[in-house]
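Please walk through this structure with the sequence alongside. The account moves from backbone geometry in two loops to the packing of one helix.

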Amino acid sequence: MFVKICGVTNEEDALVAVGMGADAVGFNFVPGSPRQISPRLARDIVRRLPGGIITVGVFRNELPERVVQVMDGAGLRLAQLHGNETAADSRWIAERVPGLIKAFVAGDPNVERVRDYGASVLMLDGSEPGSGRVFDWRQLEGRDRGIRLLLAGGLSPSNVAQAIEIVRPWGVDVASGVESEPGHKDVLKMREFIARANDAGELYEDTDDVQMPGSAPYDWRDD
């Protein structure tokens with residue numbers, strides 16, 4: 001089970017997340033977010049992380065050129081587009097970064113067109129990203145998506161195992177659910193979340209369909 005700890009704002013939280021087994025850490029560049037981080041600080045943190053960790057830049061309705069500039073400057077591996085980006089702009093970005101996650105609100109009809117966006121990972125979130133509110137996971141139950149699904153939206157140590165059992169995603173993403181306050185992670189919550197996600201993943205994931213990034217050279221656009 002791929003586990004991403006998002007909204008990291010400082011080096012200590014990033015290193016603790018990685019030390020506890022997170023596969024990816026996300027840096028939020030959305031203006032006004034309580035988890036917003038500067039590209040320079042993100043770059044400094046990335047330089048101190050192990051080479052196999054996936055680093056993600058989170059953007060919302062940002063100029064495509066700016067997305068690529070920040071990604072290159074900070075040395076990030078995946079761009080996560082979390083707004084109303086067009087398919088054309090998303091593809092333009094995807095051609096210029098190592099990999100792309102496209103996020104949609106659960107129930108958005110554009111989910112069916114995710115391949116048009118150049119994404120190799122689909123994120124499904126609640127209607128209020130970052131709010132910690134869950135959506136009805138059963139609307140995703142048993143669906144054949146044909147693309148890696150990264151589940152977000154109100155996940156926490158107390159519900160991540162249930163979410164994995166119902167949705168059977170490729171990975172899970174958490175920000176507020178493992179925080180002591182916005183932008184600051186709680187060590188015990190991170191540890192519990194990662195452990196429960198991995199335990200549930202061993203029971204429910206299709207291991208033939210999952211390749212953990214960092215274990216071998218991998219092109220996120222191969223799919």
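R168 sits in the loop that joins α5 (160–167) to β8 (171–174). The model is a predicted one. R168 is not a glycine, yet its phi is positive, at about 55°. Most residues other than glycine have a negative phi. The relative accessible area of R168 is 46%; because buried means under 20% and exposed over 50%, R168 counts as partly exposed.

A second residue of this kind is N61, a residue other than glycine with a positive phi near 55°. N61 belongs to the loop between β3 (54–59) and α3 (64–74). With a relative accessibility of 46%, N61 is classed as partly exposed. A positive phi is also found at G21, which follows α1 and has a value near 110°.

That leads to α1 itself, which spans residues 11–19. At its N-terminal end the helix is capped by N10, with a side-chain oxygen of N10 lying 3.3 Å from the backbone nitrogen of E12.

Which residues of α1 are buried? They are D13, A14, A17 and V18. Viewed down the axis of α1, these buried residues fall within an arc of 130°, so they line one face of the helix. The spacing along the sequence can be read against the general geometry of a helix: an α-helix has 3.6 residues a turn, so residues three or four places apart point the same way. On the face of α1 turned away from the buried side are the exposed residues E12 and G19.

What covers the buried residues of α1? The covering elements include the strands β1 (2–5), β2 (24–28) and β10 (184–185), together with the helices α2 (39–46) and α6 (187–204).

The pairing of α1 with α6 can be described further. The axes of α1 and α6 are 10 Å apart, and the two helices pack at an angle of about 30°. Angles under 35 degrees count as roughly parallel, and α1 and α6 are therefore roughly parallel to each other. Their crossing is right-handed. In the contact between them, D13, V16 and A17 of α1 meet V187, M190 and I194 of α6. D13 and A17 are also among the buried residues of α1, and α6 is one of the elements that cover the buried residues of that helix.

Note on methods
Residues numbered from 1 in each chain as written. Predicted model: local features only at pLDDT ≥ 70, side-chain atom pairs only at ≥ 80, totals over all residues. Heavy atoms only, no water. Buried < 20%, exposed > 50% of the residue type's maximum accessible area, 1.4 Å probe, protein only. Helix = DSSP H or I, 4+ residues; strand = E, 2+ residues; numbered from the N terminus. Arc of directions from axis to C-beta. Contact = heavy atoms within 4.5 Å. Polar contact = N/O pair within 3.5 Å; in protein donor to acceptor, adjacent residues only side chain to side chain. Axes fitted to C-alpha atoms, helices over the stretch in contact; angles between N-to-C directions. Parallel < 35°, antiparallel > 145°, perpendicular 65-115°, else oblique. Left-handed = near helix turned anticlockwise from the far one by under 90°.
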